[in-house]
Amino acid sequence: VRVDGANWMETFRDSVQQGDLSGWLCPEALEIVSDSGVHEVGCHGFRHIPLREGQVSEEEARYELTCASKIAEQKGITLKTFVYPRNLVGHVGLLEEYGYLGFRGEDVSLRANGRVGSFLREFDVWQKAPPFKVTPGKLVAIPPSFFLNWQRGLRRAVPREISRLRWKSILESASTNDTVAGLYLHPHNVIDGPGTLDLLRDVLRMAADLRDRKGLSIMTQQEYCRQTRMLKW
């Protein structure tokens, strides 16, 4: 498949031919999450192909979802929520066909403002969580999540205390205004971004404290979708 004019699988296939799959596959990570008993294994695609209409055909999107479903079945996992690669939402109608309850929505403001805007947002210590919305139709559009600052390159210039204050505002607004504060990062961010894991621990401690003091609900995407669907009917 070609995306943005490039052969999407070329680098992976080169690694296969060289017999070096380090960094590509990590089944242990799936086992850790699925065996925990408290976490949800969601879907982020099979080959991490952007599924925006115009970038890939419905046939390619269907192939992506079919392969993901086959792997999940082999692993004894039921996929119920979807996070689009690159946060590019598309071919939404197929998700319901494949048994999904919902998907993480797209933050169009991030794309409009680019990387500079995304970086400057890290200094917004008054950031608020987006409002809870009951979306039309059966599929639930989960509010966009906030990226946990990856402390690498220019982003290392963001003081940890600033990041803490930003997340304190996000989480407190969620606990008092019935809004949604989602967090996401990539696994490699905690490997090549010194301090990112410490920041993640800070945020999780704040969330746990607000859960205990102010009743902040901490739930998986699937739990959120099921709760939202109950409000529709």
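Looked up the Asp-202 side chain first: a polar contact of 2.7 Å joins it to the side chain of Arg-160 (N or O atoms within 3.5 Å, one able to donate a hydrogen and the other to accept it; residues adjacent in sequence count only if both atoms are side-chain atoms). This is a predicted model, so I note that local features need pLDDT of at least 70, side-chain atom pairs count only at pLDDT 80 or more, and totals for chains, interfaces and linings use all residues. Residues are numbered from 1 along each chain as its sequence is written, and side-chain values use heavy atoms, with hydrogens and water left out.

Asp-202 sits in helix H8, residues 196–214 (helices are DSSP runs of H or I, at least four residues, numbered from the N terminus). Buried or exposed, I asked of Asp-202? Asp-202 is buried, at 3% relative accessible area (buried is under 20%, exposed over 50%, partly exposed in between, with a 1.4 Å probe and protein chains only). Skipping residues up to four places away in sequence, I find Asp-202 touching Arg-160 and Arg-164 (contact means heavy atoms within 4.5 Å).

Next, the largest nonpolar core (buried Ala, Val, Leu, Ile, Met, Phe, Trp, Tyr and Cys joined through side-chain atoms within 4.5 Å). Among its 20 residues, Leu-51, Leu-79, Phe-82, Tyr-84, Leu-95, Tyr-100 and Phe-103 touch the most other members. Helices H3 (58–75) and H4 (92–97) each supply at least two residues of this core, and H3 gives the most, with four. Apart from it I noted another core of 14 residues, including Trp-167, Leu-171, Leu-199 and Val-203.

Back to Tyr-100: leaving aside neighbours within four places in sequence, its contacts include Cys-43, Leu-65, Lys-80 and Leu-139.
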